[in-house]
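Dear colleague,

As agreed, I am passing the structure on to you below. Please have it open beside you while you read the notes that come after it.

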Amino acid sequence: GFEHWWSVIPALWSKFSLFHMRADPAFVWAVFALTCASVTAMILGVKTRLATLASWFLVNTFYSSNLIFYSGGDTVLRCFLFLGLLTRWGEAYSLDAWWRRKREILGGAAVIPALRKIPAWPLRFMMLQLVIIYCATGALKSGLTWFDGTALFYALSLDHFYRPPAQIQVATFLHMIGFLPLSTWVTKVWEARFPLALIGAGLRVFELALDLPARD
């Protein structure tokens with residue numbers, strides 16, 4: 001509940017969530033089922049624009065209601081859902097695009113219709129966001145355990161990361177033979193050097209541009 005009748009206004013303004021209005025189990029499970037359905041439709045490309053908007057809204061309803069399990073990975077999910085609102089990815093590999101092309105063929109199209117072109121700038125923002133995330137996480141892995149190769153061993157030994165007791169023995173064996181230390185160093189280097197992937201993507205676009213016919 002709310003302390004005052006007007007308390008709902010600042011609550012919805014700062015951290016909007018449907019669960020500020022109602023949070024009984026039946027309602028929560030109904031919203032959860034609707035969230036799963038909208039995310040599935042977004043992935044498959046069914047009414048992609050509407051499904052993306054619903055997914056962004058409903059996922060944020062859960063995150064804004066309870067931040068106990070909130071982590072950096074959840075922030076990435078929310079950022080990419082927001083960028084998805086700006087992306088016309090329903091015109092790419094989706095059921096929406098397949099159904100549209102099927103209708104055009106049944107309507108008498110002589111050839112299979114090509115996929116529609118979509119604006120590239122939202123995708124470039126996604127690429128830039130991903131590069132920043134990986135580079136930042138790689139740069140922040142500056143503790144001693146990331147240099148002596150024990151970071152992954154300690155991570156796999158944490159109580160909330162392992163399930164069967166035998167996992168400790170497996171992690172110890174993998175560390176003893178050098179697999180975990182090597183994986184630790186590869187992880188740090190790969191993440192810190194991830195901006196090279198963006199350079200590679202830019203060079204690929206440049207090479208494709210060189211193959212285009214010259215314009216008057």
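The notes below go from the overall fold to the surface and charges, and then to the aromatic side chains.

Please keep in mind throughout that this is a predicted model, and that the values I quote are computed from it.

Beginning with the fold, the protein chain contains eleven helices and zero strands, and its elements, read from the N terminus, accordingly run α-α-α-α-α-α-α-α-α-α-α. The radius of gyration of the protein chain is 24 Å, whereas the globule rule gives 17 Å for 216 residues, so the chain is more spread out than a compact globule. Along its principal axes, the C-alpha trace spans about 65 × 60 × 35 Å. As for contacts, among those in the protein chain with a separation of 6 or more, 62% are made by residues 24 or more positions apart.

Turning to the surface, 24% of the 216 residues of the protein chain count as buried. The accessible surface of the protein chain comes to about 15300 Å², and carbon and sulfur atoms account for 72% of that area. The protein chain carries 19 positive and 12 negative side chains, with the centres of these two sets lying 6 Å apart.

The aromatic side chains take up the rest of this message. A pair of aromatic rings is described by the distance of the centres and the angle of the planes. How many aromatic pairs does a search of the whole structure find? The search finds ten aromatic pairs, and I describe two of them here. In one, the rings of Phe19 and Phe27 have centres 6.1 Å apart and planes at 90 degrees, and because an angle over 60 degrees counts as edge-to-face, this pair is edge-to-face. Phe19 has a relative accessibility of 11% and therefore counts as buried, the cut-off being under 20%, while Phe27, at 21%, counts as partly exposed.

In the other pair, the ring centres of Trp190 and Phe194 lie 5.2 Å apart with the planes at 70 degrees, so that this pair, too, is edge-to-face. Here Trp190 is partly exposed, with a relative accessible area of 46%, whereas Phe194 is buried, with a relative accessible area of 15%.

Finally, Phe19 and Phe27 also belong to a wider grouping, since they form one aromatic cluster together with Trp29, Phe32 and Phe62.

With best regards

Note on methods. Residues numbered from 1 in each chain as written. Predicted model: local features only at pLDDT ≥ 70, side-chain atom pairs only at ≥ 80, totals over all residues. Heavy atoms only, no water. Helix = DSSP H or I, 4+ residues; strand = E, 2+ residues; numbered from the N terminus. Rg over C-alpha atoms; globule rule 2.2 N^0.38 Å. Buried < 20%, exposed > 50% of the residue type's maximum accessible area, 1.4 Å probe, protein only. Contact = heavy atoms within 4.5 Å. Areas by Shrake-Rupley, 256 points an atom, 1.4 Å probe, with all protein chains shown as cover. Lys, Arg positive; Asp, Glu negative; His and termini not counted. Charge placed at Lys NZ, Arg CZ, Asp CG, Glu CD. Phe/Tyr/Trp six-rings, centres within 6.5 Å; stacked < 30°, edge-to-face > 60°.
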